[in-house]
Amino acid sequence: MKMTVIGCGYLGATHAAGMAELGHEVLGMDSDIDKVHTLNSGKAPFFERDLDGLLTKHTSSGRLRFTASYGEAADFADLHFIGVGTPNQPGSDAYDLSHLFDAVRRLAPGLKTPAVVAVKSTVPVGTAPRVAEILRAYAPAGDLIEVAWNPEFLRESFAVDDTLRPDRLVLGFSTAHSWAEALLRQAFEKIIEAGTPTIVTDWATAELAKGAANSFLGTKISFINAMAEVCEASGADVAELADILGHDHRIGRHGMRPGLGFGGGCLPKDLAGFINRADELDAGEAAGMLREANAVNARRRRRVIDLACEELGPDLRGKRITVWGAAFKPETDDVRDSPALAVAQALHDLGATVTVTDPKALDNARKLHPGLDYVEDPIAAVDDADLLLHLTEWHHFTTIDPRCLATRTTSPKVIDARGTLSTAHWRDAGWSTRTLGRR
Ligand code: UDX
């Protein structure tokens, strides 16, 4: 099949490469010409495991190419996926839908024959009818353009795998058994044949699916982090508690790692957007627990800052703090709403000299937080530090021998906010250690 993917960020670029891998002929479209050049050279403009391999394979095979022209995209196929970004509006929790509406408005004039526009972007419930209205108004084929809702659940650092082997497929339509459904089933044939649960539903349910899923995931993380607070107050151990809870198959250990809480470009934005939309719909009480999940999440960051002050004294001026981790999670260079950088910046604002190291995310971190110091080598980063903070759990950090680090610091003290360093090992090497939520 031929298809386009409009908007080639994390979601769109991965979807375009994934659809080519499934055997389709794909044209990716993005208005950023530099991004188009990079993608056409077989590279992603960001770090995502396995994606460069797929882009190289299919830009070479001729099944995948990228353009900056809406007209070319409209002419290329009858199926158009839309994966443009929907960030929060500046200074507000509401989604900014301007990129989405703009993309639809610019694609529409080229749609002269029946086509399906399948939206993957995350939106507040109630957006699909507005997309349909724009298409009716601007597309020559008018009513013959069908809107489908196809939310995407991919995780950064697993994006390729989540695209090719998703946990489920959600397809939302305005009417049952439309030709849009037939077309999308054909596009996802290999995924459906592999036994992927496929839920066909209405627009509103499909729109809610992504926000609800991320709200649950954020709440689950905050639940275990709330338990960490109680563990800290009572002398219990949150990692063992999480194991005990996780063995109950109704609870499950997955997505329940205690630590510094959630960040990134999705969970914080989607919780905020979900609460905002629930308020608009007069269903704000239902989102009450999400507000609490956000509050717990913010408290974890505060807790690390307080522990640093406990270790170094309330006046941080003249103190040197090393932070291991800048990315919002391991195996990505994404620093959007990174818990590690939020803590690093707060300690800098309190007067400390903060040195940050990260295997992939230093360039992005530098742009957002120019006041922090950056060092590539995590061992050299510890030189003369008064305190080491382990804030993003890259595997590489756990392989560093704490014995060779201890002598480089002024006093070997570490706060492990992610609970992945071996306490026994570090203590044997002469470090004093504190781990969030652990006894
Ligand atoms: C998330 C959703 O998982 C994905 O389904 C959706 O499509 C996009 O948003 P992502 O933002 O890539 O994906 O990251 P995820 O792996 O969910 O982690 C989000 C944040 O929560 C990270 O900061 C991570 O460190 C933190 N986290 C995750 C925890 O603190 N504990 C956990 O158990 C899991």
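**Crossing helices and a ligand's surroundings**

Student: At roughly what angle do the axes of helix α13 and helix α14 cross?

Tutor: Let's start by finding the two helices in this predicted model. Helix α13 spans residues 288-312 and helix α14 spans residues 339-349. Their axes come within 10 Å, and they cross at roughly 40°.

Student: Is α13 parallel or oblique to α14?

Tutor: An angle under 35 degrees would count as roughly parallel, and roughly perpendicular begins at 65. The axes here cross at roughly 40°. The crossing is right-handed. Because of its angle, the relation of α13 to α14 is oblique.

Student: How far apart are the axes of α10 and α13?

Tutor: Two packed helices are described by the angle between their axes and the distance between the axes, so we need both values. For α10 and α13 the angle is about 50°, which means they are oblique to each other. The distance between the axes of α10 and α13 is 8 Å.

Student: Is the crossing of α1 and α3 left-handed or right-handed?

Tutor: Look for helix α1 at residues 10-21 and helix α3 at residues 51-61. Their axes come within 9 Å and cross at roughly 55°, so α1 is oblique to α3. As for its hand, the crossing of α1 and α3 is left-handed.

Student: Now the ligand! Which helix gives the largest share of the shell around the ligand?

Tutor: Good place to go next. The ligand is surrounded by 20 residues, and the closest include Arg 257 and Lys 329. Of the shell, four residues come from one helix, the largest share. That helix runs over residues 203-234 and is α10.

Student: How many residues of the shell around the ligand are charged?

Tutor: Let's sort the shell by residue type. Nine residues are nonpolar and four are polar. The charged residues number seven.

Student: What percentage of the ligand's accessible area does the protein cover?

Tutor: First, see how backbone atoms meet the ligand's oxygen atoms. A polar backbone atom of Phe 153 is 2.8 Å from one ligand oxygen, and a backbone N or O atom of Glu 156 lies 2.7 Å from a ligand oxygen. For Met 256, the distance from a polar backbone atom to a ligand oxygen is 3.1 Å. On its own the ligand has 660 Å² of accessible area, and the share covered by the protein is 92%.

Note on methods: Residues are numbered from 1 along each chain as its sequence is written. This is a predicted model: local features need pLDDT of at least 70, side-chain atom pairs count only at pLDDT 80 or more; totals for chains, interfaces and linings use all residues. Side-chain values use heavy atoms; hydrogens and water are left out. A residue is near a molecule or strand if one of its heavy atoms lies within 4 Å of it. A polar contact is a pair of N or O atoms within 3.5 Å; within protein, one must be able to donate a hydrogen and the other to accept it, and residues adjacent in sequence count only if both atoms are side-chain atoms. Accessible areas come from the Shrake-Rupley method with a 1.4 Å probe; for residues, only the protein chains shown count as cover. Helices (H or I, at least four residues) and strands (E, at least two) are DSSP runs, numbered from the N terminus. Ala, Val, Leu, Ile, Met, Phe, Trp, Tyr, Cys and Pro count as nonpolar, Asp, Glu, Lys and Arg as charged, and the others, Gly among them, as polar. Axes are lines fitted to C-alpha atoms, for helices over the stretch in contact, and angles run from 0 to 180 degrees between N-to-C directions. Angles under 35 degrees count as roughly parallel, over 145 as roughly antiparallel, 65 to 115 as roughly perpendicular and the rest as oblique. A crossing is left-handed if the near helix is turned anticlockwise from the far one by less than a right angle, and right-handed if clockwise.
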